[in-house]
Number of protein chains: 2
Amino acid sequence: MPNSTVDEQRINTIRFLAVDAVQKANSGHPGMPLGAATTAYTLWARHLRYNPANSHWFNRDRFVLSAGHASALLYALLHLAGYDLTIDDLKSFRQLGSKTPGHPEYHHTAGVEVTTGPLGQGVGNAVGMAMAEAHLASVYNRGSEELLDHYTYVMAGDGDMMEGLSGEASSLAGHLGLGKLILFYDDNKVTLAGPTDVSFNEDVGARYAAFGWHVQHVEAGEDVDAVDAAIVAAKGVKDKPSIIVVRTTIGYGSPRAGTFSAHGEPLGVENVAKTKAALNWPAEPAFLVPDEVAAFWRERAATGAKLEADWNAQYTKWKSANGTLAAQFERARDGILPSEIPWPTFTAENGSVATREAGGTVMNAIASALPELVGGSADLDPSTKTYLKGCGDFEPGTYDGRNMHYGVREHAMAAATNGIALHGGLLPFCATFFNFVDYMKPAMRLGALNKIRSIYVLTHDSVWLGEDGPTHQPIEQLATLRATPNFRVVRPADSLETLAAWKLAVQPETGPWALVLSRQKLPYLGDRTAAVDKGAYIIHEPSGAVELILIATGSEVSLAIESAKKLAERGTHARVVSMPCMELFDAQPAEYRETILPAAIRARVSLEAASTFGWHKYVGDRGIAFGLDHFGTSAPAPAIAKEYGFTPEHVADVASGLLASV
Amino acid sequence: MPNSTVDEQRINTIRFLAVDAVQKANSGHPGMPLGAATTAYTLWARHLRYNPANSHWFNRDRFVLSAGHASALLYALLHLAGYDLTIDDLKSFRQLGSKTPGHPEYHHTAGVEVTTGPLGQGVGNAVGMAMAEAHLASVYNRGSEELLDHYTYVMAGDGDMMEGLSGEASSLAGHLGLGKLILFYDDNKVTLAGPTDVSFNEDVGARYAAFGWHVQHVEAGEDVDAVDAAIVAAKGVKDKPSIIVVRTTIGYGSPRAGTFSAHGEPLGVENVAKTKAALNWPAEPAFLVPDEVAAFWRERAATGAKLEADWNAQYTKWKSANGTLAAQFERARDGILPSEIPWPTFTAENGSVATREAGGTVMNAIASALPELVGGSADLDPSTKTYLKGCGDFEPGTYDGRNMHYGVREHAMAAATNGIALHGGLLPFCATFFNFVDYMKPAMRLGALNKIRSIYVLTHDSVWLGEDGPTHQPIEQLATLRATPNFRVVRPADSLETLAAWKLAVQPETGPWALVLSRQKLPYLGDRTAAVDKGAYIIHEPSGAVELILIATGSEVSLAIESAKKLAERGTHARVVSMPCMELFDAQPAEYRETILPAAIRARVSLEAASTFGWHKYVGDRGIAFGLDHFGTSAPAPAIAKEYGFTPEHVADVASGLLASV
């Protein structure tokens, strides 16, 4: 059935706001906005529950544009819907400092739920948002008193569907039966480089059925009623996520329709004119919003304001009936810590403890006080020690448990963790072996770019994991994360530093944290103020004037102390600096840094069982960065230590040699 | 039907060699070897074409153990089959320097086709091997004269199937219709942390059917004849890859059977005894190989020797009939370059050229001389400029084209590229945007660990890609790859350095290369010896004695030269060093390094539009690492340059300030 002229006009308004923005910028992606406008319009005009006056309304439906390159489509929608985004903003698409960057950016543009662009990520984020909604609903809803009840919609393209990440995330979502997750697959059969049949002829619908999803196909992607019916049906399926495969035409209406040249470059002035003519749209002015279209969206905004007002009234009722819960909810929503947290204590009596063990002890100690702390591992919690005992499992149908089982899907885990953090109301963590940071780095990068609160627990942090060998032994992962903006990477030396690291990681308004923990036991390094918050501090001072500084992190701090003792036997006075977090140390005032690493003391050795890349900043021109600039080997840890010279004797020799030469 | 006692004895031999090895090491994974021994036995005893006397026989079937943690199973098979692996080697499982490391390592143990362990990788590698076989067969087979005709088998576990990578690779394999690829999915319903139904209840068979695979289920995974029949059927399907879902029991026969405690820890002495008793195996001696079992495998080895001898005879015939082809084949197989390669020339007349363009020019110039050069991009060849014109597309059924279309599947692309390199006979490249290194890093790491010849073409290498914004702008990727052992990372400054980089990258016996190329045009920096092979060289020398050194890479080299000219106007004598490859510079003799960066000149500024992490090694205590320790922004490149101070004026100011302070 053809669309009504009213619908068609509204859809064309979206299409040409996007096309005009791309054309004015002379940069961007017009193809998907033209093809997917009908789907987006149907969702936003008929289903999506939002209030443009408050983009933070907690119970809003979430809309994730996984195909972030179609940002112009989202910006057109946000403008029309009444968010804080003007026509002038659309006109400065992709310009420096504008609210309309090339890909949608969270924290930057009201109504953008998450930064997207790298493909597949939005699908993983949406799965996390739906997990958060399910968990919070399960915890906070009370019979008819519903605090939370929203859908999460995600719009994805062919590229999203090809990425393994979306497969992982969708398998997980199917397993979990996330009925309030609805994915639109804009099936336009064209990608950047050509038609999809060059590389992608699988049956995506059948694959999603295999994942346990409810699958629908809309063959007429330009038909509002057909899309609408599919959304209605998807919302009706409560125990499975839904995918709606919408067959569309990239660059719809343009001379480039159905070709890859419509994907990622402006249509050109002439083609824009032809497209407008073909779709019966006025050639001028550009950025046209007919009055009746504007009026329609104002009405939708009023409806949205009413939705929130109703919810607010309901919330007040709920709050008065559930005071304690409400206090907990509001605290967690606002990212505030409880006034008292029962932090555990570690003393010499605990003996040697692996920092992964210490981390597990901390997490379990604080779990009851921090009900917002939820998460899990990629099938490794017996090894990462991240299981929250007594907090239940996050399972299909109930969703009240706090332990999430991600399976061997690191990338989806990290992307979902981003989604949980973005949803709000929770403080998510996730865990795997440190080496497998590589598997989830694209999502971790977006966590850093989004500047969201996620805690990555990364255990088995070096060659000292031993027998599993070089495939599992991290070398370059510390450098990778340290070079990533906004990340805080902490490698604690013992249980006390692990505790201090966790105290930092749960603080509000901090970006993502990587806690890099040992598989093996590490000695307790003495009662002290483990100044992890300063990034580095003196952990061992010699009896005489300092001649040499050993700088170490994590498991190498105890080695450095032993080495300093060896050096003392030889009459050399060596200071040991524990440097659990380079980023925090760099952020200290120069005076503090000078007290730790005085410029005058140029004989310095860094000790870290990893790539030395990046260490020269601290050891300086005359120092030695002692590490592992090669892959590891499979053997028991003590044999590896001997092989690579990570023994007090050898380190003392290296340091003595340095002192002799400086 | 129950197995014959003969088969059962042979299977138990495999099982207990593996179990005894794990137990002796007191480390490792006994569960999968116990459960998957029947499948492995059936394949190796009845189907796999191999000659243990020559693990390099070109036409051997390839066997990839994607579930690398089951290494003890592979080692047991290799020992029995007659490869260079003794019982003593099995007894030193997971010990320093042994041939039997925790996960199988290529180049280390004869018969190990590829290093595996990180899950999903082996599936991607096997897809690459099958692609290589299909291409080589298509190029070299001549009617009945077949040079190449082998299968690629891969054994995967639940974890492999959960990883997005295997999904990407399998979707690609299904698209390509790789009929000689056969995947065994050891479906034992248990992973490290628990039963798979905690996180993974999808219908894997249906998913593979959706990918376009031929799907079989073997419910009785202990039944040799059932497994055998499935292999026979799989081999019979020529136009689709086959998956055989074999239902097995982890830790079969042991008291821990069917539980996750059987997965990754030794059974313990008592349980080993109980398992042997349950399966009617002598308690002693450990590492038992009954004579009749040994005799069987000797016979198989003789058959294998005959297979190779027959092939050699056939090869001789083929060679005499196809002299030119044979010369090409042998050269490529041996990794030798042709005596003449028509390298293009670049001169000032070419004007400004983006290094991605220059790279494309080089690739196309040498493509005919190097028919072994094959590869493609992750749906980006119009942007990466890596399409080999006139060399055809690698398409289902024909496979003779050299341009591979990987779709938006970076991770599978990199893993398949590893597989192509490992197969032999080809020199593979792959390409994507530099930022998406993150998506394929796990496979790139294994390329580095395997030390194989793969060339990664990575374009759009910095914030200068402009409008796409921070989601697409690399910051930490250079640091990531530079910190990765065995990688050579080259960021050329102009067309001439790009040419020099390619000359290095095609050299035999070199590890993986990352060629990091610009989206934007870069000026030609003058006729010269672009000493990329030295890692760094002087590209601009001032008229007077050097007071200051600017060190730059890629697009920042021309900026450095312009800045030096500004400084000259101010009377400051600045040298400019182009440092396209840190690793190669570090490998130079100290004298060479001193001529480029004399210790006496401490006023140094590095210029790179990326994280400064790692640069202090070259700029030293008194220098300034000028870069971008934050994410980028969406805007036209010139606006970004101004915003971040990457202008000759600002750099000159920074350098002047430094000189004043040193």
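This passage describes helix packing, backbone geometry and internal spaces in a predicted model with chains A and B.

Because the model is predicted, local features are reported at pLDDT of at least 70 and side-chain atom pairs at pLDDT 80 or more, while totals for chains, interfaces and linings use all residues. Residues are numbered from 1 along each chain as its sequence is written, chains are lettered from A in the order in which they are written, and side-chain values use heavy atoms, with hydrogens and water left out.

Helices are DSSP runs of H or I with at least four residues, numbered from the N terminus. Helix α16 (residues 437–450) of chain A packs on helix α16 (residues 437–450) of chain B at an angle of about 160°, their axes lying 7 Å apart, where axes are lines fitted to C-alpha atoms over the stretch in contact and angles run from 0 to 180 degrees between N-to-C directions. The two helices α16(A) and α16(B) are therefore roughly antiparallel, a term for angles over 145 degrees, whereas angles under 35 count as roughly parallel, 65 to 115 as roughly perpendicular and the rest as oblique. The contact (heavy atoms within 4.5 Å) brings Asp438(A), Tyr439(A), Lys441(A), Pro442(A) and Arg445(A) against Asp438(B), Tyr439(B), Lys441(B), Pro442(B) and Arg445(B). Its residues comprise four nonpolar, no polar and six charged; Ala, Val, Leu, Ile, Met, Phe, Trp, Tyr, Cys and Pro count as nonpolar, Asp, Glu, Lys and Arg as charged, and the others, Gly among them, as polar.

Within chain A, the axes of helix α2 (residues 31–46) and helix α11 (residues 291–321) come within 10 Å and cross at roughly 50°, so that α2(A) and α11(A) are oblique to each other. Here Tyr41(A), Trp44(A), Ala45(A) and Arg46(A) of α2(A) meet Phe296(A), Trp297(A) and Arg300(A) of α11(A), a contact made up of five nonpolar, no polar and two charged residues.

The loop between α10 (269–278) and α11 of chain A contains Pro285(A), and the peptide bond from Glu284(A) to Pro285(A) is cis, with omega near -10°. Phe287(A) also lies in the loop between α10 and α11 of chain A and has a positive phi of about 55°, although Phe287(A) is not a glycine. In chain B, the peptide bond from Glu284(B) to Pro285(B) is cis, with omega near -5°.

Empty spaces were located on a 1 Å grid over the protein atoms alone, a cavity being a set of points where a 1.4 Å probe fits but cannot get out, and a pocket an open set with protein on both sides within 12 Å along at least five of seven lines; lining residues have an atom within 4 Å of a point. Grid points are joined across faces, edges and corners, and a volume is the space filled by probe spheres set on the points. The largest pocket holds about 1200 Å³ of space, and of its 34 lining residues the closest to the centre are His616(A), Gly620(A), Asp621(A), Gly620(B) and Asp621(B). The lining of the largest pocket divides into 12 nonpolar, six polar and 16 charged residues.

The structure also holds 11 cavities of 30 Å³ or more. The largest cavity encloses about 140 Å³, and of the 24 residues that line it, the closest to its centre are Gly167(A), Arg207(A), Gly164(B), Gly167(B) and Arg207(B). The second largest cavity has a volume of about 120 Å³; of its 16 lining residues, Glu168(A), His411(A), Tyr439(A), His411(B) and Tyr439(B) are the closest to its centre.
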